[in-house]
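Student: I have a structure on my screen and would like to understand the words people use for it. Could we go through them together?

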Amino acid sequence: MSKRHWPFLLGGLLVALLLAGVVSNYASSHPDGLDSSLLKGCTVNADDEITGGSCPAQQAKDHELADSPLADYGVRGIGNDFVSTGLSGVLGVLLTFALGGGLFWLARRRGPATPTASATPTTSADLADEAATPSTGTR
């Protein structure tokens, strides 16, 4: 990677870390489109718990990773919600950046292939030698 790409790359990482660490705490606490459509037909209280009615969300179950360290947009074990959400976002950005950077590093171009002995001649002396050599028609 050329030296002029590093400031752009580090600037983008800094913006992503700032958005994930600070701005993510000010995101809407209302359910997204999928959650709200699953709750249609049910009544919910202030804690978003179903109190009555009939809706598809009543059959919802916790998934296998519900007890993971970064479940529910926070870091398990940290009592402060602001810090927990920000740290979870920062860790997610760093993990994604490392994974993406590693994949791009593996897929990068390695440079032009080195010419082999049977490559086409490139100098005028090579061309003259090739023209003076009679061709047998076989390889």
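Tutor: Gladly! Let us start with cysteine 55, which is in contact with Leu38, Leu39, Lys40, Gly41, Cys42 and Ile50, leaving aside its neighbours within four places in sequence. Keep in mind that this is a predicted model.

Student: What makes these residues contacts of cysteine 55?

Tutor: The cut-off is that heavy atoms lie within 4.5 Å. Leu38, Leu39, Lys40, Gly41, Cys42 and Ile50 count as contacts of cysteine 55 on that basis. For glycine 41 there is also a backbone value: its C-alpha is 5.1 Å from that of cysteine 55, although the two are 14 residues apart in sequence.

Student: Why is cysteine 55 called buried?

Tutor: Its relative accessibility is 4%. Buried means under 20%, so cysteine 55 counts as buried. Its place is in the loop between S2 and H3.

Student: Which other residues sit in that loop, and are they buried or exposed?

Tutor: Aspartate 72 is one of them, in the loop between strand S2 (50-53) and H3, and tyrosine 73 is found there too. The relative accessibility of aspartate 72 is 73%, and tyrosine 73 has a relative accessible area of 72%. Exposed means over 50%, so aspartate 72 counts as exposed, and so does tyrosine 73.

Student: What is notable about the phi angles of aspartate 72 and tyrosine 73?

Tutor: Both values are positive in residues that are not glycine. Phi is near 60° for aspartate 72 and about 55° for tyrosine 73.

Student: Which residues of helix H3 does tyrosine 73 touch?

Tutor: Serine 84 and serine 88 are two partners to look at. Serine 88 lies in helix H3 (residues 81-107), and serine 84 is placed in H3 as well. Beyond its sequence neighbours within four places, serine 84 is in contact with Tyr73, Gly74, Val75 and Ile78. With the same neighbours left aside, serine 88 is in contact with Leu70, Tyr73, Gly74 and Val75.

Student: How do you know that serine 84 and serine 88 are buried?

Tutor: Again we set the values against the cut-off of under 20%. Serine 84 has a relative accessible area of 6%, so it is buried. For serine 88 the value is 11%, so serine 88 is buried too.

Student: Let us move to the helices. Why are H1 and H3 called roughly antiparallel?

Tutor: Two packed helices are described by the angle between their axes and the distance between the axes. Here the axes of H1 and H3 come within 7 Å and cross at roughly 150°. Angles over 145 degrees count as roughly antiparallel, and therefore H1 and H3 are roughly antiparallel to each other. The crossing is right-handed.

Student: Which residues make the contact between H1 and H3?

Tutor: From H1 come Leu9, Leu13, Ala16, Leu17, Ala20 and Gly21, and from H3 come Thr85, Gly86, Gly89, Val90, Val93, Leu94 and Phe97. By class, this contact has 9 nonpolar, 4 polar and no charged residues.

Student: Leucine 13 is on that list. Why is leucine 13 called buried?

Tutor: Leucine 13, found in helix H1 (residues 5-21), has a relative accessible area of 16%. That is under the 20% cut-off, so leucine 13 is buried. Not counting residues up to four places away in sequence, leucine 13 touches Val93 and Phe97. Leucine 13 and valine 93 are 80 residues apart in sequence, yet 8.1 Å apart in space, C-alpha to C-alpha.

Student: Then why is phenylalanine 97 called partly exposed?

Tutor: Phenylalanine 97, in helix H3, has a relative accessible area of 36%. Partly exposed lies between the cut-offs of 20% and 50%, so phenylalanine 97 is partly exposed. It touches Leu9 and Leu13, not counting residues up to four places away in sequence.

Student: And how much of the whole protein counts as buried?

Tutor: Of its 139 residues, 11% count as buried. The protein has 4 helices and 2 strands, and from the N terminus on, its elements run α-α-β-β-α-α.

Note on methods:
Residues numbered from 1 in each chain as written. Predicted model: local features only at pLDDT ≥ 70, side-chain atom pairs only at ≥ 80, totals over all residues. Heavy atoms only, no water. Buried < 20%, exposed > 50% of the residue type's maximum accessible area, 1.4 Å probe, protein only. Axes fitted to C-alpha atoms, helices over the stretch in contact; angles between N-to-C directions. Parallel < 35°, antiparallel > 145°, perpendicular 65-115°, else oblique. Left-handed = near helix turned anticlockwise from the far one by under 90°. Nonpolar A, V, L, I, M, F, W, Y, C, P; charged D, E, K, R; others polar.
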